[in-house]
Amino acid sequence: MGWALRSAGAADMETIVELRAVVMRPDLERLGRFDPHRVRQRFRDAFRPEQTSVIESDGAFVGCVALRPTDSAHWLEHFFLDPRVQGRGIGSAVLGTLLRRTDAEGATVRLNVLQGSEARRLYARHGFTVESEDPVDVFMVRAPGARAA
């Protein structure tokens, strides 16, 4: 299945908001934290089109991902794939592409994932390790060039 990244624009926000609600709902419900308004509003409040890429497959929207630079690292955020395309290698391919870019910059990458999320396995396969965790989130980090353990 082919895919491409393109820069996000303001017009993409509501499409991404709805995908976020769909993708995060099972994990948030399992954790007793799903609120249909909050799951959407948190993205609206954090959306920075200049840091976000839209993932397309065969010209259609299938997801998004953001890399937010800070002084000490890049934060991988808002990585959502339509459930209909999950498990087909797109997420791994997109993540690999982004990590090659951050490796070339010598940048550390950080992220957080919900406790019990299937995405944690994807991140571990790409060299992320657990830095800390709490009852809701697992914070992971990847040094430049890191490989899976």
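1. Let's start with helix α3, keeping in mind that this is a predicted model. Helix α3 covers residues 90–105, which makes 16 residues. At 1.5 Å a residue, those should span 22 Å, and the C-alpha atoms at the two ends are 23 Å apart, so the count and the model agree. Just past the end of the helix, Gly-106 has a positive phi of about 70 degrees.

2. Which residues of α3 are buried? They are Ile-90, Gly-91, Val-94, Leu-95, Gly-96, Thr-97, Leu-98, Leu-99 and Thr-102. When you look at that list, it helps to remember that an α-helix has 3.6 residues a turn, so residues three or four places apart point the same way.

3. Next, have a look at the largest nonpolar core, a group of 21 residues. Leu-76, Phe-79, Leu-95, Tyr-123 and Phe-128 have the most contacts inside it. Several elements each put in at least two residues: β3 (60–69), β4 (74–81), α3, β5 (109–114), α4 (119–125) and β7 (137–142). Which of them gives the most to this core? That's α3, with five residues.

4. Leu-95 is a good residue to click on. Setting aside residues up to four places away in sequence, Leu-95 touches Leu-76, Phe-79, Leu-122, Tyr-123, His-126 and Phe-128. Apart from this core lies another one, with 15 residues, including Val-17, Leu-19, Val-39 and Phe-43.

5. Now for the sheet. It is open and has seven strands, in the order β1-β2-β3-β4-β5-β7-β6, and the pairing is mixed. Which strands are at the edges? They are β1 and β6 (129–133), and each of these pairs on one side only. From one strand to the next, the twist averages 30 degrees.

6. You can see the mixed pairing by checking a few neighbours. Strand β1 (residues 4–7) runs antiparallel to β2, and four bridges join them. β2 and β3 are also antiparallel, paired over six bridges. β4 and β5, on the other hand, run parallel and are joined by two bridges. His-74 has Val-109 as its bridge partner in β5.

7. Val-54 is a handy landmark in β2. Arg-6 stands opposite Val-54, and in β3 the bridge partner of Val-54 is Cys-64. If you follow the hairpin of β2 and β3, you'll find two residues between the strands, and Asp-58 there has a positive phi near 50 degrees.

8. Why call β2 largely enclosed by the rest of the structure? Strand β2 (residues 52–57) has six residues and six of the six are buried, so the description fits. Both faces are covered: Thr-52, Val-54 and Glu-56 point one way, Ser-53, Ile-55 and Ser-57 point the other way, and all are buried.

9. Take Thr-52, in strand β2, as a closer example. Its relative accessible area is 4%, so Thr-52 counts as buried. Which residues does Thr-52 touch, not counting residues up to four places away in sequence? The answer is Arg-6, Ser-7, Ala-8, Ile-16, Phe-47, Cys-64, Val-65 and Ala-66. As for Val-23, it is 29 residues from Thr-52 in sequence, and their C-alpha atoms are 17 Å apart in space.

10. How many aromatic pairs does a search of the whole structure find? It turns up two. In one, Phe-43 and Phe-47 have ring centres 5.2 Å apart and planes at 35 degrees, so the pair is tilted. Phe-43 is buried, at a relative accessible area of 0%, and Phe-47 is buried too, at 8%.

11. The other pair is Tyr-123 and Phe-128, with ring centres 5.7 Å apart. Why is this pair edge-to-face? The planes are at 65 degrees, and over 60 counts as edge-to-face. Tyr-123 is buried, with a relative accessible area of 7%, and Phe-128 is buried with 4%.

12. One last stop: Ser-117, in the loop between β5 and α4. Is Ser-117 buried or exposed? With a relative accessible area of 14%, Ser-117 is buried, since buried means under 20%. Leaving aside neighbours within four places in sequence, Ser-117 is in contact with Asp-27 and Arg-30.

Notes: Residues numbered from 1 in each chain as written. Predicted model: local features only at pLDDT ≥ 70, side-chain atom pairs only at ≥ 80, totals over all residues. Heavy atoms only, no water. Expected span 1.5 Å × (residues − 1). Buried < 20%, exposed > 50% of the residue type's maximum accessible area, 1.4 Å probe, protein only. Core = buried A, V, L, I, M, F, W, Y, C linked by side-chain atoms within 4.5 Å. Contact = heavy atoms within 4.5 Å. Pairing = 2+ DSSP bridges. Phe/Tyr/Trp six-rings, centres within 6.5 Å; stacked < 30°, edge-to-face > 60°. Axes fitted to C-alpha atoms, helices over the stretch in contact; angles between N-to-C directions.
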